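User: Hello! I'd like a close look at one part of the structure below, with the cysteines considered along the way.

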Amino acid sequence: MAIFEGAGVALVTPFKENGEVNYEKLEEIVEEQIAGGTDSIIVCGTTGEASTMSHEEHLDVVGYVCKVTGKRIPVIAGTGSNCTETAVYLSVEAERRGADGLLLVSPYYNKATQNGLKAHFKAVADAVKIPILLYNIPGRTGVTILPQTIADLCKNVDNIVGVKEASGNFSAIATLMSLADGKVDLYSGNDDQIVPLLSLGGKGVISVLSNVAPRQTHDICAAYFAGDTAKSAKLQLDAIPLITELFAEVNPIPVKAAMNLMGKNVGPMRLPLTEMEPQNQEKLKAAMTAYGIL
């Protein structure tokens, strides 16, 4: 059984102006997501700026979100690292603090071979009992998890159950699903590709868009699963102008700007990320207005 079906939010981490985690605001945005129909919370991923958190902060945020969510919907913790020992530590601790699943990005910068990727992911899987999603995003990591590698891991490691696919390579994704034998839970990692990925057997999306439009993102998936592919496609296409502006600068700069424009007051990014350029923020504001969320 999949960890979740539908739209999971790649949640931002709200910070105070002094850079500390804003836990009061974090609780507020988690509750808004649940009320908006979001099917899963993905915490401390790329969108959550985990790369600029200390291990203690990272795990405290995971534990806090698990506590607030209270098993109403699954919480998936980002615990990937380019150091296997670190990924194991974060994963074991996230499980201990209540996470329902883990999201493991491929090791970045050191660019492991496919055999190295298998050994890395197996080491983490052996250390925990909860289900694991791999995260294939070569544009950020510099390494691709090949379809054959994903299929092999999902077939042969009990608690590696699927992948968040953000490669944008639909030929590779189709190859993966042809090799999957029903053993790979596939999620879109790109908000502009939800419907085409669902058509290849996807279970849903791990979404940046859901931070500002949880109900609409949920409905893209729900309409598809209900058999109304025309409605699903229309909802997807209606969101494209906004999605384009949400990725006009590196994520999560635009989505935090969007949430602040909506009055959600999620605060600044941590360096090296900086505030959205004024001209891009104006385009974002116009797209949000046209989409009806501002």
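How many disulfides does a search of the whole structure find? And in helix 12, which residues are buried?

Analyst: Happy to help! This is a predicted model, in which local features need pLDDT of at least 70 and side-chain atom pairs count only at pLDDT 80 or more, while totals for chains, interfaces and linings use all residues. Residues are numbered from 1 along each chain as its sequence is written, and side-chain values use heavy atoms, leaving out hydrogens and water.

Searching the whole structure turns up zero disulfides, a disulfide being a pair of cysteine sulfur atoms within 2.5 Å. Cys44 is in none, as the nearest cysteine sulfur, that of Cys66, lies 9.7 Å away. Cys44 is also buried, at 3% relative accessibility; buried means under 20% relative accessible area, exposed over 50% and partly exposed in between, with a 1.4 Å probe and protein chains only. Cys83 is partly exposed at 32%, and its sulfur is 18 Å from the closest cysteine sulfur, in Cys44, which is too far for a bond.

Now to helix 12. Helices are DSSP runs of H or I with at least four residues, numbered from the N terminus. Helix 12 spans residues 278–291, and its 14 residues reach 20 Å from first C-alpha to last, close to the expected 20 Å (1.5 Å times one less than the number of residues). Its buried residues are Asn280, Leu284, Ala287, Met288 and Tyr291. Seen down the axis of helix 12, they fall within an arc of 100°, so they line one face; the arc is taken over directions from the helix axis to the C-beta atoms. On the other side, Pro278, Glu282 and Ala290 are exposed. Gly292 follows helix 12, with a positive phi near 90°.

Notes:
Helices (H or I, at least four residues) and strands (E, at least two) are DSSP runs, numbered from the N terminus.
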